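Dear colleague,

I am handing over the structure below, and I would be glad if you could look through it alongside my notes.

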Amino acid sequence: MKVSLPYGKSSITVRIPDYCDVSVIRKPPMPLVASPIDEVRKSLNQPVGCSPLSSVAKSSTTACILICDITRPVPNSTLLGPLVECLMDLGIEAANILILVATGLHRPNEGEELEYLIGDPKILNAIPIKNHHARNNSEHVDLGTTTSWTPVLIDRRFVEADLKIVTGLVEPHFMAGYSGGRKVLAPGIAHADTIRTLHSSRILEDPNTRTCNIDGNPLHREQLEIVEMVKKHSHSEIFAVNTVIDEDRKMAFVNFGEIVESHQQAMDFAHRYCTVVVDRKFETVVTSAAGYPLDQTYYQAVKGMVTPLDILEKNGTLVLVAECKEGLGSNAFRKSQRDLIREGSSTFLHRISQKPKADIDEWETQMQANALESFEFCLVSDGLAGEDRELAAVHMATTIEEGVNYALERAKSTNVAVIPEGPYVVPQFAQHSNS
């Protein structure tokens, strides 16, 4: 059987030997939006949990719109035009509308990358666009601490704006349950100290901190509390434009409303399609990191590595294809990967469990280290070279066929699962389907 997997801006075809029993796991087809831009406009007038945008923005003279950074395939060219158009029609001057890129601790998006991210020349030329800088103390407002002692420092440009709007793609996330909504706020525009605490071992090791789950999820709980702290400090609401896309990145859902309620509605929609119940486990799983932009670094590609583990037999092998055109990731991530290799997964996990704040990007290594305790991994990537290949801390294959053969040689059965869309579709073993 041949199956195409996203790889960079193109694809890679894997051929599974004919003697194997292959299960291809995909989302069920989503009902697509006929006219995305018209649907965005409609959502602004038919909100969730609040009045229409024309009402909530009536007395505002400044607005800040958060967008995800380049690591997420958000259809900004569809979302931003109608949103900005509405705000300008309401009398907010273009110079007083700020689009703030929620980079978290990622690098800023500039030049051609920013043009690609915005996707609309009219917006680029008319509206101020800035990147969030998590390490710049002066750009943040100190809001105190959560009840669990997370320091809360948020970008003042958002906190001090009259009108606060978050935009985002709602998709499975291996820590927060789902992306979008409150996650674009924190860690999106949070200070480094806030981000490092939210990604500490004590939060990430909680069994409820997992893909497609918000019930009892301590990271989700902290994020919701931060949302309320921003509201209380600024004496104003926070609104959101949420969207869900299908496997071909076509819009299936969009809404506008109060940040928590509208995001919940979007998560409920996404959950019906992104989670797929599977009635058996496999010794071999072949998957991707969902292609561009997520698979441009190994740091992001780890999401594709850990998302399908519910259906992988213990000691089974997961084969991941990820272009990693930009290499491993940050120098901070390289350091944590060196620590993992030097210490081994068990020692590494024990050591970081004693820390109140994670080192920057250490959390991705933590997620990989947990997976290495029970499973084997093989990575197929053209982008990793030299030391970066070693620091991936997994078996490396030159071709996808070599990776599949490696997995099958380790396996006792010929059952193989192929998950083309990587971390955006979440297979759940039948006995966990109600979790």
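The notes that follow cover aromatic pairs, charges over rings, the nonpolar cores and one helix.

Please keep in mind throughout that this is a predicted model.

I began with the rings, and the structure holds six aromatic pairs. In one of them, Tyr298 and Phe333 are tilted with respect to each other, with 35 degrees between the planes and 6.3 Å from centre to centre. Since Tyr298 belongs to helix H12 (residues 298-306) and Phe333 to helix H13 (residues 331-343), this pair ties together parts that are 35 residues apart in sequence. Phe333 also pairs with Tyr299, this time edge-to-face, at 5.3 Å centre to centre and with 85 degrees between the planes. Here too a residue of helix H12, Tyr299, meets one of helix H13, Phe333, so the pair ties together parts that are 34 residues apart in sequence.

As for how enclosed these rings are, Tyr298 and Phe333 are both buried. The relative accessible area of Phe333 is 0%, while that of Tyr299 is 8%, which means that Tyr299 falls under the 20% cut-off and counts as buried as well. Elsewhere, Phe253, Phe269 and Tyr273 form one aromatic cluster.

Lys9 may deserve your attention when you inspect charges and rings. Its charged end sits over the ring of Tyr116, 5.4 Å from the ring centre, and Lys9 also lies over the face of Tyr292, at 4.7 Å from the centre of that ring.

Turning to the interior, the largest nonpolar core has 110 residues, and those with the most contacts inside it are Leu53, Ile65, Ile154 and Tyr298. If neighbours within four places in sequence are left aside, the residues in contact with Leu53 include Leu44, Leu83, Cys86, Leu87 and Leu90, together with Leu163, Ile165 and Phe256. There is also a second, separate core of 21 residues, among them Ile12, Val321, Ile400 and Val418. As general background, nonpolar side chains tend to be buried together in soluble globular proteins.

Finally, helix H15 (residues 362-372) is largely enclosed by the rest of the structure, because nine of its 11 residues are buried. The buried residues of H15 include Glu362, Trp363, Glu364 and Met367. Among the elements that cover the buried residues of H15 are helix H8 (192-198), helix H9 (201-204), helix H14 (345-352) and strand S17 (376-380), and H12 and H13, the two helices that hold the paired rings described above, also belong to this cover.

With best regards

Definitions and conventions
Residues are numbered from 1 along each chain as its sequence is written. This is a predicted model: local features need pLDDT of at least 70, side-chain atom pairs count only at pLDDT 80 or more; totals for chains, interfaces and linings use all residues. Side-chain values use heavy atoms; hydrogens and water are left out. Rings of Phe, Tyr and Trp (its six-membered ring) pair if their centres lie within 6.5 Å; planes under 30 degrees apart count as stacked, over 60 as edge-to-face and the rest as tilted. Helices (H or I, at least four residues) and strands (E, at least two) are DSSP runs, numbered from the N terminus. Buried means under 20% relative accessible area, exposed over 50%, partly exposed in between (1.4 Å probe, protein chains only). A charge sits over a ring if NZ of Lys or CZ of Arg is within 6 Å of the ring centre and within 35 degrees of the ring normal. A nonpolar core is a set of buried Ala, Val, Leu, Ile, Met, Phe, Trp, Tyr and Cys residues joined through side-chain atoms within 4.5 Å. Contact means heavy atoms within 4.5 Å.
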